[in-house]
Each structure stands twice: as C-alpha cells, then as structure tokens.
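Here's a quick briefing to read alongside the model. Have the structure open and follow along topic by topic.

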Amino acid sequence: MSIINMKKNTKLLSLREKDPFLARERQRYEHPLPSREWVIELLESEGVPLQIAALAGKLSITDEEYEFFERRIKAMARDGQVLINRRGAVCVADKLALVKCRVEAHKDGFGFAVPLVPTGEGDFVLYERQMRGLMHGDIVTVRPAGTDRRGRREGQVLDIVERAQKQVVGRFYVERGIAILEPEDRRLTQSIVLEPEGLAEMKPESGQVVVAEIESYPDGHRPAVAKLIEVLGDYADSGMEIEIAVRKHQLPHIFSEACQQAAAKIPDRVRPQDTKDRVDLRSLPLVTIDGETARDFDDAVYAEKQGRNFRLVVAIADVSHYVRPDDAIDKDARERATSVYFPRRVIPMLPENLSNGICSLNPDVERLCMVCDMVVTYAGNIKEYKFYPAVMKSHARLTYNQVWNWIEQGGDYPHKAQIDTLYKLFKILQKKRHQRGAVEFESIETQMIFNDNGKIERIVPVVRNDAHKLIEECMLAANVCAAEFLLKNKHASLFRNHLGPTPEKLTTLREQLGLLGLHLGGSDNPAPKDYAKLAEQFKNRPDAELLQVMMLRSMQQAVYEPDNHGHFGLAYEAYTHFTSPIRRYPDLTVHRAIKAVLKQEKYKPESWQALGVHTSFCERRADDASRDVENWLKTYYMRDKVGEVFEGRISGMANFGIFVTLEGIHIEGMVHISDLGEDYFNFRPEIMAMEGERSGVRFNMGDRITVKVARADLDTSKIDLALISGGEVPKKRGKSKKTAFQTAPAKEAAKSRGKSVTIKPKAEKNAKTAAKNTSKNTSGRKKTVATKSSKADTKRSSKNKE
C-alpha cells in the first residue's frame, strides 16, 4: 500500500507496521527492522533526502535498535540502493540517476569511472582534480554530467562506496626527513606518507620494497598515510617480481584458515559411496594431453568411429562434488576466481590437495568427472550430446609434443588407435571451424627457460602444433554443448560473450585498412567470416602482427555475463566455459548449473550479474599481474645485454618512437624518436610509418633494422634501444635507395659478423649523428607505454584459447 494513499482521518497502524514485507522480515529476524523496500518507498514519498535520525523517527526505531538500523541504511548505500550525501542525508539512488562505478586511474593523473553493470553508454572521464581524493580500484557512485569537448561522458563523484586499496606495496624512501612509500603501481600517482610507528622496529633501508597498510586516505589537500607492516627486501632479490605483482594487483594468495581446514577433510581417493548414481567409464581409454610442465589435469578425451560419424567423450574433473556453494573452499575460490600463472610459480584457485590431487585427472587412479558425450557427424556437426556425472580412470598422461611426434612419424606407437581417431576427428572439426568463419590469429608465444640458480638461461618460442589444436577443438565442442544445454533448459548461467566491433571502432579500422590497401567486408555489420577473410589477405605481410592487433582492438573484450550474446571471434551463437573448473570459477558454476538441470533443480548464486562482473575483473587482474612479471623478468635478462647489437623487426609505432622485437630472444624494446637520425621524425599513422621531414627517410612496420641495447630499466620494465642501421631512403629519379642510416658502430658490429658495410655518401652526415645518439645517456627519456595488445582471450595453453 502506498503511503500517499493513506487516509488521515482513519486510525492507522504505524508506518513500520504497514511494511508490506514485514512477514518476510519476521521469518529472517527475531526482531525485524523495516525492510529495504519499505525504506525506499518512504524516501520516495517524502520527495526529499532525510537524515538517518529523521528516517528512524518516522519508522518508530527505538534507541536500542538505532545502531542496527543505521547499519542497514549504510549497507543499502554500499549496495547502491540509497546514497548518503556529504551532509549525512539519505537519498534514493534511482532519483539521482546514479551509476555505481569502479575507478580506473591512469599514471598521468586522470582516470575513468567504469560502470559495474555495463549500460552501453560508456565510461565517465575523471579529471586530475577529481582524482585527488580517489585511488585506483575504488567503488564510487557517479551522477552523469553531460559530455566534454571530446565527446567523453563527464560525471560527478558523489560518494566513495568502498576503498579498494587496503595495503600498498612500493619502495621506501626518506625525503626531507619524511618517510614515504612510492607505490609500485604507477596508477597510484601520489606518494604515501609512512607513520613513524613500525619504522624503528623494521628498519627498512632506502630503496627497499615494503608493504604498508593505509590508515587514512587522501583528500584534496592531504596525502594518504599508512603504517609499515612488512619489509619484503631488495628490488632485485630473486622472486621479488612475483611478490610485488601479488601485492600490487591485490591477488589473494593465502588460503583462509577455514578453507585449509575444509580442504584437509577432503579424501585423497574416490570412495565407494562417491560413485553412486554415476556412469562407470573406468574401462574407457580416456587420456589427458597437456604441456610438459602441467600438474593439474582438468580434462581427458576419447574418440571412436561410429559408422560415418564419431563419438567424442570429453571428461572434465568434477570439482563441484567436493566444493559446495558457499562452503569455506568455495568462498576462497570465488574470491580468487582464477588461478594465476607466473614463470616458476602458480597461485591456484583451489588448495593443492584438490587442484593437484583428488580433482586432477591423474593417470591410473579413479576420479569423479562430469562428461559431455557427443556424436559428431562426418561433416563436423554435433548431431547429439548428453551430460552426465561419471567415474573414470585416465589410461595415460600424454604431452602435446609427444603426441605430435607420434602423429608426424607414423608407424606403431602407444594408444595409436585412440590418437589416430582423435586426429581424424580434429581435421573434420578444423574444417568446420574454417567454414564457420572463426577468426584465427597466430602469434608467437614465448617460454622462459631458467637455470638452477633461478636466472633466465634463454627465451624460446612455444611452437603450437596440431596436438594443441586437437585438444582445443575438443574443448570448444564441449563448451558449445554446455551453452546450448543451459539455454535449452532455460537455466541461468555465466556465458562467455565476445562482441564484434562497435560502430566507432569499425569506422576507425576501415580507415586504417583503406590507407594500407586492405578491405573488410560486411558493410556496417561485418561477420566473423569477413574478419577471417581479411586475416587471410595479410597473413604473409611483414606488418601482419600489427594488423592483427588492429583487428583485435576493433572488437570488444570477452567477458562473463548471465545473458547470452554469442562469441564473435569463435563464430558461435552461444558459448560458455565448462572445461576448466580446477582453475576458473565460471566453469565451476556451469557444472553446478548443469547438475541442477539433470536433477530438475535450480542453482542460483547470490547474483549472476555481480558474479560475471567479478570473474571478468579477476581474469583481467590475473593477466595484468602475469604480464608485469614477464616484462620485469625480460628486462632483468636484458641487463646483461646492454651494449650488445641485435637484428630486429619493427613491431609497433607511436608518436614517441618505434618498437622493435629482437630476433632470437623475442623481446621488445623501443628506439626513441629523437634517436632515429639527424632529422625531425613524425609518426604517420595513415601509412603506419615513421618519416623524416627533411630526408624523407622512412621506417615501416615489419622493416628489419639493427639496434644496440642502450638501457634496461627495472623500475619501469622498459628496454631502450639505439639505432645502428635501418630505414629506407625514398625513391629519387626512379631509383630506390635502401639503407637510410648506418653508424660507425654498425661497421664494427658487421665486421664482427664477417660482413662489410658501406655507408652511402648522402647518408654520411646522418650516420655520424646517429652514432652520437647511440652513446647518449637515455636516462632522461620519457616513460613509454607499449602499443601492442595481447591476443583476445589468450591463455597459457592451447586448450584455453577460447
């Protein structure tokens, strides 16, 4: 009943007693407070914000209840239902058109407020003055406030709902007698003052890596103040890069006591009662195929010929049998949402006795699994499928390289009938993939090889063979069936959505492609097939890698969402993640949903929408942390290479310089624009080239050049290079003259390789200047940001490229 319609001349119950949700609240609480819905209706009927005390008076809140009522109002504010303004008055959030956002700060001082629930209207730009009291990751409420001159949405931050930064990792310094912490995360742009307490006890040395707990947050005039709680050690200590990344990105890395106790109670083998109501697949020759260093095995596969068709069985570890919703293990797993992979270390989503033990499909032991059992036609279509819980025994633990060597060499080898059938099915599924028009990108991934002392010995490319692709196709098939099964049975779940280009990004891409003589079909609504045809056009070009990046940037980022929108890159109408529940929380929820359908029940977490936002965020956080560690390790590796000369290929460009990938070690560095020669150089994005104003010397994408390692800066994880030779002199009088600049060091480098170098007369002056540039101290250069982006939705093994 609406408050407005109450008749004043009738004896009424109190407002509190007229709460339409009172019966529900009485079931939950012995002494129920007014429901959230009733509080909101009262505020709406009043039409103006109310102080908490005034609101309590209207709702007959007693003195004993007031503290609990105040907590409920503040909880409503945290959930975005109401806003408590700076005067302490409570407002209805919907009336203010407020948007709950996460702050994403930029190292240059500005930032963006990203809506937690995407609205399709974009992010809010936050200027430097607005960021003074905010920190990266904070949850805020924003009131839309029009657009700026560049067309970006502006917003007014009304309230900080939740502070993201509780502890900060950084370097310790003393400046003018004040102890400060310089955050390792460059998005935390302001220094943090350290309290004297703890300094005398821990005695950190200048430049050491420390961790501090924030006591007070910054406002417009005062910096944040923190208490020193841990000294990690010197910056270059072995393993320090991971310790920094874990804390910088706030990765949960210590399991709670409750989680550890619960995990300790999990049996280390399958018990007879666990196999009840399960299909017995122990005699089926399922095998696992993974990388050499893998320790947790999510999936096992089996294929057999059935007339013209194939039976494909994909068995996935049944984590949901051991990890139940909202138990102690589940809470920790949900918080982590994904395992995080670093060189030489993994932060798992589940405790080790689950991830590497009872949930891992190790060979020759019984394991519980969830199965997707499919019939695939000779044309590559999935004719039928079914899901069921089972008990299995892996018949072999195989590796990608091992399987591929067997296939290549032919003859007799272990599990030949099984592997040959799988390979035939793979060829059919791969052909179907091409017909479907899935976008395929081939990028070079690298692996660091460490010596016994923990130092990088070499960096080698990871060759992705058909065994990787075979498992990938099997996983894709199972994931597609899982999505279709849940949609068909109308059960909510998390889908893996990947949308195509936005109109703005599509326009930009077409303009760039047109200037490079390329064309993307599909008019205003290109399909995955159009992208696949475009990729085919440039696959042999020297700038193919950059063009792949351009294509990827035109698409949107893959995310987890409760509503299905399809997967553009894979060309699927519906797609989800079912095949990796040991290391991805969305997969675990999909298993629970499928089990619920099989039992004619419903599985419902607290909020599918919030879970999708959280797991998508954790996935990006894990990728960022891994990338930070890899970049730091590569920079550390290059410290011993300063002064050495390398051949390289131009792999990226920006208005401040060119990025060069060094041959043989697959590491990228940058030649600053001021070091390109005796000329003013300009980046010409329309032709993807760097061009000299006077000389016309041009550096193109994919060009081979010779460089010297000038500096490897661990603080920024950036590698500076100096140009030795390269560039192209423009055509004159019908003749094309190669080699723009070759410096004196180039002669010495060439001699050491047994080659002769001739500097052309017209480039002589430029060469001398370039030689001087190579000896310049580069410490004063601007910090740069890499322009390359990683492959969309790329993981650490082929089975995860989904």
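Ile139 has Glu162, in strand S8, as its bridge partner. That bridge belongs to the pairing of S7 (residues 139–147) with S8 (residues 153–162), which runs antiparallel over seven bridges. Keep in mind that this is a predicted model.

**The barrel**
- S7 and S8 are part of something with more strands: five of them close into a barrel, in the order S4-S5-S6-S8-S7.
- Pairing around that barrel is mixed.
- Going from one strand to the next, the twist averages 50 degrees.

**The chain as a whole**
- Secondary structure adds up to 20 helices and 35 strands.
- The chain has 802 residues, and 52% of them count as buried.
- If you take contacts between residues at least 6 apart in sequence, 64% of them join residues at least 24 apart.

**Helices H11 and H13**
- H11 covers residues 400–409, and it packs against H13 with the two axes 8 Å apart.
- The angle between H11 and H13 is about 110 degrees, and angles from 65 to 115 count as roughly perpendicular, so that's the label this pair gets.
- On the H11 side, Tyr400, Val403 and Trp404 make the contact; on the H13 side, the job falls to Asp466, Ala467, His468 and Ile471.
- Asp466 sits in H13, a helix that spans residues 466–488.
- Is Asp466 buried or exposed? Its relative accessible area is 14%, and the cut-off for buried is under 20%, so Asp466 counts as buried.
- Setting aside neighbours within four places in sequence, Asp466 touches Trp404, Tyr423, Phe426 and Lys427.

**Salt bridges**
- Side chains of opposite charge can pair when their charged atoms come close.
- How many salt bridges does a search of the whole structure find? The tally is 43.
- Asp587 pairs with Arg584, with the closest N and O atoms 2.9 Å apart, and both Asp587 and Arg584 are buried.
- Asp268 pairs with Arg269, where the closest N and O atoms are 3.6 Å apart; here both Asp268 and Arg269 are exposed.
- Arg711 and Asp713 also meet through their side chains, at 3.3 Å from N to O.
- In that pair, Arg711 has a relative accessible area of 23% and is partly exposed, while Asp713 has 14% and is buried.
- Some salt bridges join up: Arg433, Glu440, Arg464, Glu472 and Glu473 are linked in a network.

**Cysteines**
- A disulfide is a covalent bond between the sulfur atoms of two cysteines.
- How many disulfides are there by the distance rule? The count is zero.
- Take Cys481: the nearest cysteine sulfur belongs to Cys372 and is 4.1 Å away. A disulfide needs the two sulfur atoms within 2.5 Å, so Cys481 is in no disulfide.
- Cys481 has a relative accessibility of 3%, and so counts as buried.
- Cys618 is buried too, with a relative accessible area of 1%.

How values were computed: Residues are numbered from 1 along each chain as its sequence is written. This is a predicted model: local features need pLDDT of at least 70, side-chain atom pairs count only at pLDDT 80 or more; totals for chains, interfaces and linings use all residues. Side-chain values use heavy atoms; hydrogens and water are left out. A salt bridge is a side-chain nitrogen of Lys or Arg within 4 Å of a carboxyl oxygen of Asp or Glu. Buried means under 20% relative accessible area, exposed over 50%, partly exposed in between (1.4 Å probe, protein chains only). Helices (H or I, at least four residues) and strands (E, at least two) are DSSP runs, numbered from the N terminus. Contact means heavy atoms within 4.5 Å. Two strands pair if DSSP finds at least two bridges between them. Axes are lines fitted to C-alpha atoms, for helices over the stretch in contact, and angles run from 0 to 180 degrees between N-to-C directions. Angles under 35 degrees count as roughly parallel, over 145 as roughly antiparallel, 65 to 115 as roughly perpendicular and the rest as oblique.
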